[in-house]
Amino acid sequence: VELDVKLIEGLVVKAGTTVRLPAIMRGVPVPTAKWVTDDIEIKTEGRHKIETDNYSTVLTIKDCVRKDTGEYLLTVSNSAGSKTVALHLTVLDVPGPPTGPINILEVTPEHMVISWRPPKDDGGSPIINYIVEKRQSKKETWGGEPRELAETVLAKDILSPPEVNLDVTCRDLITVRVGQTIRITGKVKGRPDPEITWSKDGKVLVQEKRVEIAHDLPNVELQVKEAKRSDHGKYIIAAKNSCGHAQAFAIVNVLDRPGPCQNLKISYVTKDSCMILSGVLTVKAGDPIRIEAGFVLTKSRRSDGGKYVITASNTAGSFVAYATVIVLDKPGPVRNLKVTDISKKCESKRMVWSTYSSSVLTNYANVTRLIEGNEYIFRVRAENKMGTGPPTETQPIIAKTKYDRPGRPDPPEVTRVNKEEMTVVWNPPEYDGGKSITGYILEKKEKRSLRWVPVTKTAIPERTVKATGLQEGTEYEFRVIALNKAGPGKPSAPSKAVYARDPQCKLKVSDIFYVISKYFCTTFNPPGPPAFPKVVDSTRNSISLSWSKPAYDGGSPIIGYLVEAKRVDTDNWVRCNLPKNLQATRFVVTGLIEDTEYQFRVYAVNKIGYSDPSDVPDTHTTSSQLTLIPSYVVKM
């Protein structure tokens, strides 16, 4: 979401103004927008209007009033997640009425003393003065003559009691290590300036070697340098002036290495041994656990750690003691080892295990300097102060780009031929490598030659091209290579060899009687467009089309039809029937996007090529998404 910085800092307008709050939004799939203020969703009604398209959303508020002041939350969301931004609006207006009732404090024959409270709403701007009017009860008009004060007025400070506010970082527990500096900061207000004191455990803190106090009102700061463990506790700041006093406190914790054990006890004394009780026994995995009570557990394991309860009993009574055991061991194997975001890198090939890093602190690593196309296995081991755990290995994986190169197209076809040029057409490969085809390379060679040469100097965006500069009487073959962002795919098989020469009459055995009956040679052409295309049925997720055979088949039988569709808001025509041509004159286009307008067109196909398109009249709307696979139609 992109906003004008003025909307984030806060927009200030006068009452009666029309306000527009625009925002640019981006996301895949196209996100939706939701406007909220005071926990209530805003809809298009009354003075509010929301206009949203695929790239932006605008909230318009007409004739702003004071109650429109506040924070407006815009939430943009799609299936990938959501983001919320805040916009601030302040509407300025005249102040509201002073808060009543008006109190009459003093009455004399010549004057009255009255008082009132400030208005509940200052109109968004501080009150600068009041206007007092009077009228006689028998009159209907109000008036107010300016008067001078009868006495002089002494100019003096406005008094206010102290206010103490610690910074947000100091309001919770402050934790530092031994040797670091304790910093407590905040702000103190009050008139006159308050007297400030800092204290800890009932003792007032003063400036000294380790303690530094800075008061630059309203900012205050206490620093305790080279913190000790004894510096932990509750620090209190107190502020006092002639109007009152206030205080705040911060809790400080100072971390240090543990002190010596306390409450050591000696028991079970014999002539050559005794037992010292102190809260915990730590051993390395594999070492024996010896508890001085006649108990030994050999070859300890991690699972042997815990709290052991020892009870000793005799005829005089019983005694219970506890021993806490911690068994240290190497870490176990790592879990859920995965390889993601594969890309090609470069390095000399390695045939043995090599350490990429022995100091990875996170649970992920970006392994670089790989060789594209090489197969790798990765393994990870966890390490602690006891040593290195067993490795966890990945399955073999090939270093490559995220996408494959496209597959091999079918052999291209030569459609129109003369002695100097040939028109070559082809279909896209069945597999595009996971990335859209960006173009094609068409190559040619003489039939008896082994050397393929490109027909054009640059990639061909369409699936048809005219190969020129041919030598009359020479037999040529063609092959095509598909391209995507990963690179060129494998070339197709060669086309049928074709001589570069002007066309001659070609007759099949089945056409002999037809030729004789017409007494001349037929010239073959692409067919005419299909007749009367129309929509015959529609559901919420499909549209059914029908058409009639073309009036002219181009001298060659119709071998099928091709249907294309496109959304009205795009220029990209997409083939609907894949991979073969239709044999019937009816087709159902399924899986369309709900509430989206589409256009359709139909081509007829014979052995010579494709007809001109026949457009289905008007646009049509349906529901559900159509996964449209890009395709191109070759017009002959």
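The following dialogue examines how several terms apply to this predicted model.

Trainee: Why is K445 called buried?

Mentor: The relative accessible area of K445 is 11%. Buried means under 20%, so K445 meets the criterion at 11%.

Trainee: What makes K445 and E477 a salt bridge?

Mentor: The N to O distance between the two side chains is 3.3 Å. The rule asks for a side-chain nitrogen of Lys or Arg within 4 Å of a carboxyl oxygen of Asp or Glu, so the pair K445 and E477 qualifies at 3.3 Å. K445 lies in strand β35 (residues 439-446) and E477 in strand β38 (residues 475-484), so the salt bridge ties together parts that are 32 residues apart in sequence. E477 counts as buried, at 13% relative accessibility.

Trainee: How do you know that E475 forms a salt bridge with K447?

Mentor: The closest N and O atoms of E475 and K447 are 3.9 Å apart. The cut-off is 4 Å, so this pair is counted as a salt bridge. E475 belongs to strand β38, whereas K447 sits in the loop between β35 and β36 (453-454), 28 residues apart.

Trainee: Are E475 and K447 buried or exposed, or in between?

Mentor: E475 has a relative accessible area of 18% and is buried. K447 stands at 44%; partly exposed lies between 20% and 50%, so K447 is partly exposed.

Trainee: How many salt bridges does the rule give?

Mentor: The count comes to 14. Among them is the pair K43 and E41, with the closest N and O atoms 3.2 Å apart. K43 is partly exposed at 45%, and E41 is partly exposed at 37%.

Trainee: Why is strand β42 described as largely enclosed?

Mentor: Strand β42 covers residues 542-548, and six of its seven residues are buried, so the strand is largely enclosed by the rest of the structure.

Trainee: How do you know that β41 and β42 pair?

Mentor: Two strands pair if there are at least two bridges between them. Strand β41 (residues 531-539) and β42 share six bridges in the antiparallel sense, so the requirement is met. A531 stands opposite S548 in β42, and the two strands form a hairpin with two residues between them. Five bridges also join β42 to strand β45 (residues 586-590), again antiparallel; here S546 stands opposite R586 in β45.

Trainee: What makes β11 and β16 edge strands?

Mentor: Four strands form an open sheet in the order β11-β13-β17-β16, with antiparallel pairing. β11 (160-166) and β16 (211-216) each have a single partner strand, so one side of each is left without a neighbour in the sheet. The twist averages 15° from one strand to the next. Within this sheet, six bridges join β13 (residues 182-191) to β17 (residues 219-224), and I184 stands opposite L222.

Trainee: Which residues touch the most other members of the largest nonpolar core?

Mentor: They are I182, I184, W198, L222, Y235 and I237, in a core of 24 residues. β19 (244-255) gives the most to this core, with five residues.

Trainee: What makes Y130 eligible for a nonpolar surface patch?

Mentor: Patch residues need over 30% relative accessible area, and Y130 stands at 36%, so Y130 passes that cut-off. Y130 is in the loop between β10 and β11. The patch measures about 830 Å², and its residues include I102, W116 and Y130.

Definitions and conventions: Residues are numbered from 1 along each chain as its sequence is written. This is a predicted model: local features need pLDDT of at least 70, side-chain atom pairs count only at pLDDT 80 or more; totals for chains, interfaces and linings use all residues. Side-chain values use heavy atoms; hydrogens and water are left out. Buried means under 20% relative accessible area, exposed over 50%, partly exposed in between (1.4 Å probe, protein chains only). Axes are lines fitted to C-alpha atoms, for helices over the stretch in contact, and angles run from 0 to 180 degrees between N-to-C directions. Patches are made of residues with over 30% relative accessible area and no salt bridge: like charges are joined within 9 Å, nonpolar side chains (Val, Leu, Ile, Met, Phe, Trp, Tyr) within 5 Å. Accessible areas come from the Shrake-Rupley method with a 1.4 Å probe; for residues, only the protein chains shown count as cover. A nonpolar core is a set of buried Ala, Val, Leu, Ile, Met, Phe, Trp, Tyr and Cys residues joined through side-chain atoms within 4.5 Å.
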